[in-house]
Every structure is written in structure tokens, then in C-alpha cells.
Amino acid sequence: MKNLNRLLGYAALVVLPITVNAQQVQGFVHQQSEAADYVWPADKQVLDKLDKWQDQKFGVLFHWGLYSVPGIVESWSICSEDVDWITRKGNLPYEEYKKWYWGLKDSLNPVNFNPGQWADVMQDAGMRYMIFTTKHHDGFCMFDSKYTDFSIANGAFKNNPRKDVARHVFDAFRQKGFMMGCYFSKPDWHCQWFWNDYYATPNRRINYKKEMHPDWWKNYQTFTQNQLDELMNGYGSFDILWLDGGWITGDDINLDGILKKARSRHPGLIAVDRSIRGKNENYQTPERGIPETQLNYPWESCITLSNDWGWVPNAPFKSPQKVINILAEITAKGGCLLLGVGPTPDGVIEEEVAKRLHVVGEWLRTNGEAIYNTRTTAVYRDGNTWFTASKDGKTLYAVYALPEEEKLPATIHWNGNIPKGSMKLLKGNKTVKYTCQGEEVIVTLPKGLKNEPVALAFTLRK
């Protein structure tokens, strides 16, 4: 602990800029499964829930835990893999570092914890679903689990009436009408039945041979099943169970049995067994990037607002315009955007995040018709213009994703998607003039528009 002050000032990960239009992404990420691997659910209630989820388009993913105290990459600095993106700063030997990290349990004391503020900010941003990290790979629970003492409810925050923070977060967002998602890491590096102290911990996987220690492996399976049952039975209604840690499969923990039981309480529960191809990956989750082409099955890009999932000091945040452009691209390609936001160690959403998300929400309040409840259209892009369609297919939308640092042009040009009749600017419901020259459409924008992405609505000429 004498090294705490020194370590608090360090970040444990050097990150690279996001590559939005490709699968080239920073660090260790879950990329999308192949289209041929997608298995449509047979359960009609799951299909109906997926359809409702696809209407939401914009959600938030919260990473909040021990890593938030020093403001470092979530969990990964205690993984002893020799790769540059999880290099630890400081000079502590590995085992000492792990002890220091585990000891952060006694430092996480979010006395200003305000889940109502979280929900207000995200509702103001135009988000419509949420995923909260109940447990990341380090095994630290942000809920009051009876199967481990390694939780916020047994640390520095234990005497606070809000110590079961997951319950209060979920309740705050349910009150706002969000679709609800529960993030849970299948790997648990603190659990003795996953990383046993008898052996070293060379990588992210279990550190023993199952066939040599079948009792340890069985204990881990039971422990994981018990915690998932805890969450699914004691924390209110859920729409999504978002399972991370693809090096542990659903078969490893009997996910079929877990979901059967969970869906009896949460009909149509969407299972997201990330990167595990098959029937329990109800939607796919390319991370920190966007697929190159349109995909007409359920998927979601999970992308950070800053460079990290959790809170880090002095983070460089994406601009509101960047977020809007990313959302437009993802929507046109058939996906949803799950934006990563890290609450502060004190338990609030910092002001700079709230300010940027407010601008996104302002745009969606006047242009959201082109995003929410839409589906794909065959011609979905030309240059900086992205196209979506209403669910009934009667209305097409064009979103001009104004590049950052550029001025809104006087005219917008695209090929294909030839309009019929009037065209309207969604903001202000203003009719705009356009001409067609063969397959080229030239739209004249009204003067005096705010320098931001614009959305247009029109009927497609058949």
C-alpha cells in the first residue's frame, strides 16, 4: 500500500485511436462473429425482444469497479500476459501488484454515488437501453453477493445503505423506462476455483488442468451459476444478459440451463454470450469498431466515449458530432450503438461527459426519427450520407454525417435513393428543395442551419 499514491497517478494502458470504419481496433477486443455463424433464436419471445431492442438504437455500458479508484484499464493489469496494451506502470513485482490491486477494495468508497444522476444524463443523451457491469474479470462484485466477500458491499462502502450499488443503478434506470441489461464476466480471476493460489497465473485462463482438479472446476461452475442465479432472481426484471470473457464458453457454465431458468422469470431474455458462435449469441458485439458493411441480423458496436471503458483522469472524449456520426453509420448498417461511459470513483458522471452527451441528446430530440425504430435500406450509403428506413418501409431518411472540423455545405449530393414528392428537414420540419440529374440527387440546404449533421425524410421513387 505504500506504493498506492505513486500508482494512482499512472494509467496501465496506452491506447490507440479508434478506427471507426474497420475492425482494426485497440487492445484485446471481441470482434464480430461471421454472418454465417449467426443462429436466429427459435423462441418467439426472444425474437420479439430482439425486435424491440433493435428499435432502441442507442445505449450505455457502464464499467465501474476497483479499477476506477486509480483510473486504470479495467481488470487487465492483473493479467500476467506479456503484451504491451496491458503493461503495468510502476515497479511492483507481479504478485505484489495483485495484492495492491485486490486491496483497492478498501479504497472504493463512492460516498456521492448518485444513480439517479446517471439515469438523468443518459436519458438526456437520448439513450434507451443500458448495460451495467455487475462483475468484471477481476471478480470484484458491484452487487451484494452471498457467494463472495469480494464486493463493494463488503469493502469501504459496506456501512452505506446504498452498498448494493447494482440494485440502485438498475432501479434508477427502470424508473426511466430503459431496456435493462446485466453485464457479467464468466471468468473470475479472484475466485480460487479459477485462478488457484497453488499455481502461478500466466494468462487470462484457468491456471490448472481441469482433468487434474475436477473438483476445482466443478466448484467454479457452481459458483458462477449461483451468482448468475442471484442476479437473475434478485435484481428485478431484465431484457439482456450480456456475458463477457469469450475464453470461457457457455458450455463451461451450463448456460443453457441458466437461461432456461432465467427466461422463466424474464420472458424473451436476450442472451449475449459474446463471440461464442451459436444459439446463445442472440446479437453480436463488435468492439471499438464498426463492421465494414451492412449486416441484416442483430448486432451492436460497443465503443467507448473516451479511450477506456472505465473512468480515467483527464480523458480525451469524443466530440458530440463524432458520436452522432458513429450512431448514424451504425444505424444505417443495421446495428445499435452501446457507448461506454465510466462513472467516477466517487460515483457520479463527470460534468464534461454530461455536457457532451447533452449535445448528442439535443440532436436526437429533433432528428431521432431517422435513428430510432428504423431498419436498413438496400442503398445505405453514399459518401458522408447514410440512409435508414422506417419500419414499414414507407419513409427513407438521409443523415449527412458532417465531418468534424468541416462547415455544412450549401448542397448535399448522393446517388441512388431517388426521392418522390416533397423532402423535409427533420429539424424544424422544413421542406427543402432538391433536383435529380439521372441517379444523382442534389439537395439544397436552407441557409442559417447549425453546423451539425442534418437528417432528411422523403419517399422513395419506385
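Start by colouring domain 1 and domain 2: their centres, taken over C-alpha atoms, are separated by 36 Å. To make the selection, use residues 44–373 for domain 1 and residues 381–460 for domain 2; these bounds come from an automatic or database domain assignment. This is a predicted model, in which local features need pLDDT of at least 70 and side-chain atom pairs count only at pLDDT 80 or more, while totals for chains, interfaces and linings use all residues. Residues are numbered from 1 along each chain as its sequence is written, and side-chain values use heavy atoms, with hydrogens and water left out.

**Stop 1: the interface**

Select the residues where the two domains touch. Here 19 residues of domain 1 are in contact with 19 residues of domain 2, contact being heavy atoms within 4.5 Å. The size of an interface is often given as the accessible area lost when the parts come together. Between domain 1 and domain 2 about 1700 Å² is buried, and carbon and sulfur atoms give 56% of that area. Buried area is the accessible area (1.4 Å probe) that two parts lose on being put together, summed over both.

Now show Gln321, Trp363 and Ala370 as sticks. These residues supply 30% of the area that domain 1 buries against domain 2, more than any other three residues.

**Stop 2: what crosses the interface**

Nine residue pairs are in polar contact across the interface of domain 1 and domain 2, both residues being at pLDDT 80 or more. A polar contact is a pair of N or O atoms within 3.5 Å; within protein, one must be able to donate a hydrogen and the other to accept it, and residues adjacent in sequence count only if both atoms are side-chain atoms.

Turn to the side of domain 1 that touches domain 2. Helices α2 (44–56), α8 (320–332) and α9 (351–367) each supply at least two of its residues. The largest share, eight residues, comes from α8. Helices (H or I, at least four residues) and strands (E, at least two) are DSSP runs, numbered from the N terminus.

**Stop 3: Asp55 and its partners**

Side chains of opposite charge can pair when their charged atoms come close. A salt bridge is a side-chain nitrogen of Lys or Arg within 4 Å of a carboxyl oxygen of Asp or Glu. The structure holds 24 salt bridges, and two of them cross the interface of domain 1 and domain 2.

Select Asp55 and Lys391, whose side chains meet in a salt bridge at 3.2 Å, N to O. Then add Arg375, which forms a salt bridge with Asp55 at 2.9 Å, N to O. Arg375 lies in strand β8 (residues 374–375) and Asp55 in helix α2, so the pair ties together parts that are 320 residues apart in sequence. Both Arg375 and Asp55 are buried (buried means under 20% relative accessible area, exposed over 50%, partly exposed in between; 1.4 Å probe, protein chains only).

**Stop 4: Lys135 and Asp188**

Move to Lys135 and Asp188, a salt bridge with its closest N and O atoms 2.8 Å apart. Lys135 is in the loop between β2 (129–133) and α5 (165–174), and Asp188 is in the loop between β3 (179–185) and α6 (214–234), 53 residues apart. Lys135 counts as buried because its relative accessibility is 0%. Asp188, at 2%, also counts as buried.

**Stop 5: Glu351 and Lys355**

Finish on helix α9. The side chains of Glu351 and Lys355 meet in a salt bridge at 3.6 Å, N to O. These residues are four apart in the helix, so about one helical turn separates them. Glu351 is exposed, with a relative accessible area of 56%, and Lys355 is partly exposed, at 48%.
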